[in-house]
Amino acid sequence: MAHIHDLTALEQAAAVKRREISPVEITEHYLDRIARLDPEVGAYVTVTPEQALEQAHKAEARALAGEDSSPLLGVPIPIKDLNLVKGVRIHFGSATYEDFVAPVDDSVVERLRDAGTIMLGKTATPEFGLSCYTETSLSPPTRTPWDLSRSAGGSSGGAAAAVAAGLAPAAQGSDGAGSIRIPASVCGLYGIKPTRGRISSAPIIPDLAGLSTNGPITRTVADAAALLDVMTHDNPGDLYHAPPPALGSFGAYVGRDPGRLRIARYAEPPVPGAEVDPEVLAAYEHASAELAALGHEVVDIAPPFAPELVPQFVTLWYAFACMHPVDLSKQDRLRPLTAWLRERGFATPAPDFLQAQSALQLATRFGLMVTDLYDAVLTPTVTQPPRPVGWFEDVEDPEETFERMKRFAAFPAVCNISGQPAVNLPLHWTPGGLPIGVMLAGRFGDEGTLISVSAQVEAARGGFWGERRPAVWQVST
């Protein structure tokens with residue numbers, strides 16, 4: 001007999017609609033699993049049981065009324081600890097904010113609440129979302145459920161670990177340089193970084209360079225499409241806007257034949273010194289073969305973005321490390337990597353920042369002239385299998401930590417620069433049981449094609465996970 005956490009998000013919503021199970025039962029099930037299992041996973045930094053149960057009772061009343069069309073009514077969706085939830089502590093992954101309570105909701109949180117989803121709590125994120133691993137001064141390291149000695153990635157590490165461990169059916173994440181796709185890869189999940197401007201960051205968080213966006217992390221393509229539909233919105237004052245899906249919703253692309261696509265591919269990292277592990281190359285080759293077997297044309301291309309762009313992106317990353325104000329009396333609480341990044345950010349002259357932004361936009365215009373010739377572009381997501389907890393910081397110099405991050409996450413930031421949508425496909429596990437994803441990037445505004453082909457691959461495989469489950473998943477209530 002299946003447990004509640006064995007059901008997908010949409011299956012849970014359908015069961016609620018049929019009154020086979022209540023949102024309160026679902027919420028209590030996950031709160032129990034979190035209490036028992038999260039100490040070893042480290043997915044949550046804050047759990048909000050009272051608020052979750054209050055929302056569950058409201059969702060149950062909506063379900064009993066029988067007139068609610070929300071596709072995710074009664075489904076728990078935790079919120080990343082970079083996003084504001086009014087009245088709930090937000091740490092931004094930093095000990096410098098350990099007593100700060102959010103004064104307002106982010107608009108994406110409002111959308112999720114209006115859809116009848118239930119917030120179980122806040123998922124762990126690294127300090128200010130700056131690293132590709134989730135190890136903070138606030139809570140235990142966040143671990144991939146497939147091997148609890150290894151990192152869940154970042155910066156949406158807590159969100160991905162929660163979904164992969166069966167501590168939430170799906171999760172909201174955000175992605176500024178791969179922060180959805182990286183943890184999706186190392187936790188064996190499907191994740192979508194939407195097109196720039198698809199999801200507003202209002203009312204407080206700025207969208208400035210357009211690098212970061214919210215997005216879904218799930219086990220299935222259909223769940224991700226449904227969650228993306230709920231999260232999609234814009235607000236007056238947003239700097240960027242994405243065209244609406246041609247079919248009216250992203251869910252409409254699930255199960256739709258994508259036709260025969262032209263898919264470009266390359267596996268040469270754009271970061272100097274980065275090397276692609278043989279297991280990652282195996283995942284890349286297997287994905288290429290699967291796409292070709294489905295009838296798609298897979299074509300090798302030269303990398304469309306040059307290594308010379310890396311210093312320009314790094315300049316932006318230095319500057320954005322300074323976005324969160326930190327009380328001078330609490331600066332000693334910053335982690336070494338954060339302090340090192342902020343020191344360089346505050347030393348960056350405004351003209352250097354603007355010149356870096358200009359260079360990246362120019363490169364994007366030329367790069368898209370190449371990639372837009374194809375329906376999608378296939379690359380590895382990260383260059384190595386999941387790293388051991390502590391690996392990024394087992395050196396004394398934060399500059400070397402940063403270099404390790406760049407080499408590990410060499411591929412995904414390209415799509416944050418260009419604004420293209422991109423997904424992680426969880427298609428490969430090593431002989432030792434570690435997940436390795438591959439990335440598909442699409443044309444600007446065309447998440448629909450990525451969703452269609454992702455669902456096609458998922459169906460051909462009989463589901464991404466098949467019968468495979470991490471050990472922590474099997475722990476029953």
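**Annotated region**

Helices (H or I, at least four residues) and strands (E, at least two) are here DSSP runs, numbered from the N terminus. In this predicted model, residues 25-450 are 35% helix and 12% strand, with end C-alpha atoms 34 Å apart. An unreviewed UniProt entry lists these residues, 25-450, as "domain: Amidase".

**A three-stranded sheet**

One open sheet has three strands in the order 1-3-2, with mixed pairing. Strand 1 (44-47) and strand 2 (79-80) stand at the edges; each has a single partner strand, so one side of each is left without a neighbour in the sheet. Strand 2 runs parallel to strand 3 (residues 121-123), and two bridges join them. Opposite K80 stands T123 in strand 3.

**Residue T338**

T338 lies in helix 10 (residues 336-346). Its relative accessibility is 3%, under the 20% limit, and T338 therefore counts as buried. Beyond its neighbours within four places in sequence, T338 is in contact with E127, F128 and L130.

**Internal cavities**

Five cavities of 30 Å³ or more are present. The largest holds about 380 Å³ of space. It is lined by 26 residues, of which A177, F313, K406, A409 and A413 are the closest to its centre. Helix 9 (310-320) gives the largest share of this lining, four residues, and helix 12 (398-408) and helix 13 (413-418) each supply at least two. The lining comprises 20 nonpolar, five polar and one charged residues.

The second largest cavity has a volume of about 90 Å³. Its lining residues include Y266, F305, T371, C415 and M439. Strand 9 (376-380), helix 13 and strand 11 (435-442) each give two or more residues to this lining, which has nine nonpolar, three polar and no charged residues.

Definitions and conventions:
Residues numbered from 1 in each chain as written. Predicted model: local features only at pLDDT ≥ 70, side-chain atom pairs only at ≥ 80, totals over all residues. Heavy atoms only, no water. Buried < 20%, exposed > 50% of the residue type's maximum accessible area, 1.4 Å probe, protein only. Contact = heavy atoms within 4.5 Å. Pairing = 2+ DSSP bridges. UniProt positions renumbered as here; feature names shortened; annotations may be inferred. 1 Å grid on protein atoms, 1.4 Å probe; cavity = no way out; pocket = protein on both sides within 12 Å on 5 of 7 lines; lining within 4 Å. Points joined across faces, edges and corners; volume = space filled by probe spheres on them. Nonpolar A, V, L, I, M, F, W, Y, C, P; charged D, E, K, R; others polar.
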